[in-house]
Amino acid sequence: MQHRPDVTPRPLPAALWAQLPPAAGAAVMATGIVSVGFHLIGQDVLSAILFVLAAALWVLLAADFVLRLVRERSRWEHEADTPPALTAVAATCVLGTRCSLAGWQWLAEALLVLAVVVWPGLLFVVVRHWKPKMPGAVFLVCVATQGLVVLGATLSAALRVHWLGYAAVVVFWFGLVLYVVAFTRFDPRQVCAGAGDHWVAGGALAISALAAAKLVLAGRAGDLWNSDVTGVLRDMCGVLLALDVAWYVVLAVAEVLEPRFTYDVRRWSTVFPMGMTAVAALSVATAVETSWLKGPGQVLLWIAFAAWVLVAVGAAGSVRSAGSLRSTGPR
């Protein structure tokens, strides 16, 4: 009788956990920002449900991040070199912002500290390994940086901590520089061929517009800026939001012309910019006192939620397929 090796497959949850790519952090970002949007328009039940989901996903991915650092150091170092690794920072900041809106300032502060500690190291290794003609994930250098601004400015307004606002405005301008540099590395063909993360090209501008709005609101709450600085930040709100909407239209048209219906984990990086555009519109409306933006912001938010549902269904189907393949594999 031929001897067959005794293969004991890992349980399905462990196997799926081991296969989690760095881009999975975008699921936290997408879920968290749609939760923030629903909080802004008073849809508290939906916001709370998505908040819980985002927090649970964040805990799962944080545990995975630490376990890989301890047990699979070579794999961790390889993945840390890629732009999707920065979703760890962005996801932490989005979740922290939602915690602050819920009144849990101590938790938001802890998440900000964690993000600030992780950000420079990841940013350095990611930029060091940049190549020409990169996918839309290259813009995560801007998204992660502006995520720090959004959370820092939110806490500055909530806690009346002035130095946080001053630090945030410096990081804000640095984030815009990173966007310009990332743009020079972006492959424009990704607009029609990307698997989902090409939307981050617009999402980075959306979170930059949100960051500008949060800085205006922080300045109003703590009397941080003079009229000139406030005027510049208000202008940046409008400029960045307009550029983001232009990207949104281009990307949406490209999706119609070149449909991509197959599920990919990078589709969470499509939902995030859609939700961020909605939240940016709602927040800019408040910051610059332009009420007409609230209507389009709400429409965009529901569109983002519909996209979230579709991608979540795709993710569930992917997990189910993985389970079916594993159940019919060798025992």
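The confidence that the predictor assigns to each residue, from 0 to 100, is called pLDDT. This is a predicted model, and colouring the protein chain by pLDDT is a suitable opening view. The average over the chain is 89, and 87% of the residues score at least 70. Select residues 1-19 next: pLDDT is below 50 over this stretch, which nevertheless has 20 contacts in the model beyond near neighbours in sequence. Where pLDDT is low, the predicted coordinates should not be read in detail.

**The whole chain**

Switch to a cartoon view. The protein chain contains 13 helices and zero strands. With a surface displayed, the chain exposes about 15500 Å², of which carbon and sulfur atoms supply 68%. Of its 331 residues, 51% count as buried. Consider also the contacts between residues at least 6 apart in sequence: 84% of these join residues at least 24 apart.

**Helices α2 and α3**

Select helix α2, residues 25-40, and locate T31 within it. T31 counts as buried because its relative accessibility is 1%, under the 20% cut-off. Which residues are in contact with T31, leaving aside its neighbours within four places in sequence? They are L50, L53, A54, L57, W268 and W308.

Move to helix α3, residues 44-71, and select A62. Its relative accessible area is 24%, so A62 is partly exposed. Add G25 to the selection: A62 and G25 are 37 residues apart along the chain, and their C-alpha atoms are separated by 9.3 Å.

**Helix α5**

Select residues 87-101, which form helix α5. At 1.5 Å a residue, its 15 residues should span 21 Å, and the end C-alpha atoms are indeed 21 Å apart. Because 13 of these 15 residues are buried, α5 is largely enclosed by the rest of the structure. Just after α5, G103 takes a positive phi of about 90°.

**Two loop residues with positive phi**

Most residues other than glycine have a negative phi. Two residues may be inspected with this in mind.

Select K133, in the loop between α6 (105-128) and α7 (140-159). K133 is not a glycine, yet it has a positive phi of about 55°. With a relative accessibility of 55%, K133 counts as exposed.

Proceed to E289, in the loop between α12 (268-287) and α13 (294-327). Phi of E289 is also positive, near 55°, in a residue other than glycine. E289 is exposed, its relative accessible area being 63%.

**Helix α10**

Select residues 200-222, helix α10, and find G219 there. Is G219 buried or exposed? At 9% relative accessibility, it counts as buried. Not counting residues up to four places away in sequence, G219 touches L224 and W225. Adding A153 to the view shows a pair 66 residues apart in sequence whose C-alpha atoms are 8.7 Å apart: G219 and A153.

**Helix α11 and a surface patch**

The tour ends at helix α11, residues 227-257, where V249 lies. V249 is partly exposed, with a relative accessible area of 47%. Display the surface and select V245, V249, V253 and L257 together: these residues make a nonpolar surface patch of about 340 Å².

Notes: Residues are numbered from 1 along each chain as its sequence is written. This is a predicted model: local features need pLDDT of at least 70, side-chain atom pairs count only at pLDDT 80 or more; totals for chains, interfaces and linings use all residues. Side-chain values use heavy atoms; hydrogens and water are left out. Helices (H or I, at least four residues) and strands (E, at least two) are DSSP runs, numbered from the N terminus. Buried means under 20% relative accessible area, exposed over 50%, partly exposed in between (1.4 Å probe, protein chains only). Contact means heavy atoms within 4.5 Å. Accessible areas come from the Shrake-Rupley method with a 1.4 Å probe; for residues, only the protein chains shown count as cover. Patches are made of residues with over 30% relative accessible area and no salt bridge: like charges are joined within 9 Å, nonpolar side chains (Val, Leu, Ile, Met, Phe, Trp, Tyr) within 5 Å. A salt bridge is a side-chain nitrogen of Lys or Arg within 4 Å of a carboxyl oxygen of Asp or Glu. The expected span of a helix is 1.5 Å times one less than its number of residues.
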